[in-house]
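Reader: I would like to learn how to read a model of this kind, one feature at a time. Where should we start?

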Amino acid sequence: MRKLKLSVVVTTYGREANLVRLIESFQDSCREIELEMVVVSSDSPQSEKILGLERYDFVKVICLGDREPGQPRKRSLYFYENLGIQEATGDWVLITNDDTWLAGDFEASLTEQSKNADVLV
């Protein structure tokens, strides 16, 4: 039987420590499902934050150019999320924020719920 593939889409700007915590919580929680994370960032492609993501082989990064601190987004949050969704290749797509993380039995819950559902909210 083929493994379930989960694509996680996260938009981000700044907050490097939060993003790393999120990525590592998914990495630690998803052992039996295939994981893909699509990070859509307004950070500079040359920032330490973005360059540091290269160590995660399941993370794809979409950089949309530099944004100065305090400068508002050039487009809506939904525009950025939709870019990530377009790049996602998983059976399931989860959209989350860069300041969240997983705890507990996320993988078991997702696997069980995915057996009988077309959409999970």
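Author: Start with the cysteines, and keep in mind that this is a predicted model. Cys63 counts as partly exposed, because its relative accessibility is 28% and the partly exposed class lies between 20% and 50%.

Reader: Is Cys30 buried or exposed?

Author: Cys30 is buried, because its relative accessible area is 8% and buried means under 20%.

Reader: How many disulfides does a search of the whole structure find?

Author: The general idea is that a disulfide covalently bonds the sulfur atoms of two cysteines. In this structure the search finds 0 disulfides.

Reader: Next, the fold. What is the order of the elements from the N terminus on?

Author: Strands and helices run β-α-β-α-β-α-β-α along the protein chain, which comes to 4 helices and 4 strands. Of the contacts between residues at least 6 apart in sequence, 71% join residues at least 24 apart.

Reader: How much of the protein chain counts as buried?

Author: Of its 121 residues, 40% count as buried. The accessible surface comes to about 7400 Å², and carbon and sulfur atoms hold 48% of that area.

Reader: How should I read a nonpolar core?

Author: In soluble globular proteins, nonpolar side chains tend to be buried together. Here the largest nonpolar core has 22 residues, and Leu6, Ile23, Phe26, Met37, Leu53 and Val59 touch the most other members.

Reader: Which elements give two or more residues to this core?

Author: They are β1, α1 (16-29) and β2 (34-41). The largest share, 5 residues, comes from α1.

Reader: Leaving aside neighbours within four places in sequence, what is Ile23 in contact with?

Author: With that exclusion, Ile23 is in contact with Met37, Leu53, Tyr56, Phe58 and Val59. There is also a second, separate core of 5 residues, with Val9, Val38, Ile62 and Tyr80 among them.

Reader: Now a charged residue. Why does Lys5 count as buried?

Author: Lys5 counts as buried because its relative accessibility is 15%, and the cut-off is under 20%. Lys5 lies in strand β1 (residues 5-12).

Reader: Which residues does Lys5 touch, not counting those up to four places away in sequence?

Author: Lys5 touches Glu34, Glu36, Thr89, Gly90, Asp91 and Trp92. With Thr89 there is also a polar contact, side chain to side chain, at 2.6 Å.

Key
Residues numbered from 1 in each chain as written. Predicted model: local features only at pLDDT ≥ 70, side-chain atom pairs only at ≥ 80, totals over all residues. Heavy atoms only, no water. Buried < 20%, exposed > 50% of the residue type's maximum accessible area, 1.4 Å probe, protein only. Contact = heavy atoms within 4.5 Å. Areas by Shrake-Rupley, 256 points an atom, 1.4 Å probe, with all protein chains shown as cover. Disulfide = S-S within 2.5 Å. Polar contact = N/O pair within 3.5 Å; in protein donor to acceptor, adjacent residues only side chain to side chain. Core = buried A, V, L, I, M, F, W, Y, C linked by side-chain atoms within 4.5 Å.
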